[in-house]
Amino acid sequence: MRTLVLNAGYEPLAVVSFKRALVLVMNQKATVIERVDGDPVWAAHGSYDRPTVIILRRYVRLPMSRRVPVTRRGVLRRDNHRCGYCGKTASTIDHVLPRSRGGANSWENLVACCLRCNNVKSDRTPQEMRWELRFAPRPPHGTTWTVRGTERSDPCWEPYLALAA
């Protein structure tokens, strides 16, 4: 059982175990917003509601840039496993500006690519091939990228995740 932790401003911060969430509530650092009905946590001195969403009582400052690291899996997920050139199912990634020509491993230079397009394009730019990208690659945004664990979210989290999107 996982619990969504919200900052005092209602933006999602993290997903933690219900035990960790219960400790935050018991230490009066957080308040329970959503709970599981009919499934309390029993302790030596009574029972507690099992939290699914908690909010911190004090605002926690976050670093300005919560940059998402660039990974092959992340690029494929960002592009919905669709080729940036032809739109077919993608299984590889491609550097728009090839690495041999100084292209970086960055969100802006990587796109998901099908094997055929990747082999045909080879070491050339899309302009040299007279191809157009279906979209401009950019870094991903949203809570599912910055808050780990929200991709397998509980249905009761959706209103709180929608506020931050």
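Two strands are taken to pair if DSSP finds at least two bridges between them. In this predicted model, strand 1 and strand 2 are joined by 5 bridges and run antiparallel. At one end of this pairing, R2 has S17 of strand 2 as its bridge partner, while L6 is matched with P12 of strand 2. The hairpin formed by strand 1 and strand 2 has 5 residues between the strands, and within this hairpin Y10 takes a positive phi near 70 degrees. As background, most residues other than glycine have a negative phi.

Strand 1 also has a partner in strand 4. Here 3 bridges make the connection, and the two strands run parallel. V5 stands opposite I54 of strand 4 in this pairing. Both kinds of arrangement are familiar, since strands of a sheet pair through backbone hydrogen bonds, either parallel or antiparallel. Strand 1 is mostly covered, with 4 of its 5 residues buried.

These pairings belong to an open sheet of 4 strands, in the order 2-1-4-3 and with mixed pairing. Strand 2 and strand 3 are the edge strands, each pairing on one side only. From one strand to the next, the twist averages 35 degrees. Helix 1 packs on this sheet and touches strand 1, strand 2, strand 3 and strand 4, its direction making about 95 degrees with that of strand 4.

The nonpolar interior can be followed from the same elements. The largest nonpolar core has 9 residues in all, made up of V5, L13, V16, A21, L24, A30, V32, I54 and L56. At least two residues of this core come from each of strand 2 (12-17), helix 1 (18-26), strand 3 (30-43) and strand 4 (46-56). A second core, separate from this one, has 8 residues, including L4, L6, W157 and L161. V5 and I54, which stand opposite each other in the pairing of strand 1 with strand 4, are both members of the largest core. L6, the bridge partner of P12, is instead listed in the second core.

The start of the chain is worth a brief stop. M1 is found in the segment before strand 1 (2-6). M1 counts as partly exposed because its relative accessibility is 46%, a value between the limits of 20% and 50%. Although M1 and S17 are 16 residues apart in sequence, their C-alpha atoms are 6.3 Å apart in space. Beyond residues up to four places away in sequence, M1 touches V16, S17, F18, V36, R50 and T52. Among these contacts, V16 is a member of the largest nonpolar core, and S17 is the bridge partner of R2.

Farther along the chain, D94 offers a polar residue in a covered setting. D94 has its place in strand 5 (residues 92-95). With a relative accessibility of 5%, under the 20% limit, D94 counts as buried. The side chains of D94 and Y85 are joined by a polar contact of 2.7 Å. Leaving aside neighbours within four places in sequence, D94 is in contact with Y85, N109, L110, V111, C113, N118 and K121.

T125 provides a buried example from a loop. T125 lies between helix 3 (115-121) and helix 4 (126-129). Its relative accessible area is 10%, so T125 is buried under the same 20% limit. Not counting residues up to four places away in sequence, T125 touches V96, L97, P98 and R101.

Two other loop residues stand out by their backbone angles. H81, in the loop between helix 2 (72-78) and strand 5, has a positive phi of about 55 degrees although it is not a glycine. H81 counts as partly exposed because its relative accessibility is 40%, between the two limits of 20% and 50%. R130 is found in the loop between helix 4 and helix 5 (143-146), and R130 likewise is not a glycine yet has a positive phi, of about 60 degrees. R130 is exposed because its relative accessible area of 77% is over 50%.

Technical notes. Residues are numbered from 1 along each chain as its sequence is written. This is a predicted model: local features need pLDDT of at least 70, side-chain atom pairs count only at pLDDT 80 or more; totals for chains, interfaces and linings use all residues. Side-chain values use heavy atoms; hydrogens and water are left out. Buried means under 20% relative accessible area, exposed over 50%, partly exposed in between (1.4 Å probe, protein chains only). A polar contact is a pair of N or O atoms within 3.5 Å; within protein, one must be able to donate a hydrogen and the other to accept it, and residues adjacent in sequence count only if both atoms are side-chain atoms. Contact means heavy atoms within 4.5 Å. A nonpolar core is a set of buried Ala, Val, Leu, Ile, Met, Phe, Trp, Tyr and Cys residues joined through side-chain atoms within 4.5 Å. Axes are lines fitted to C-alpha atoms, for helices over the stretch in contact, and angles run from 0 to 180 degrees between N-to-C directions.
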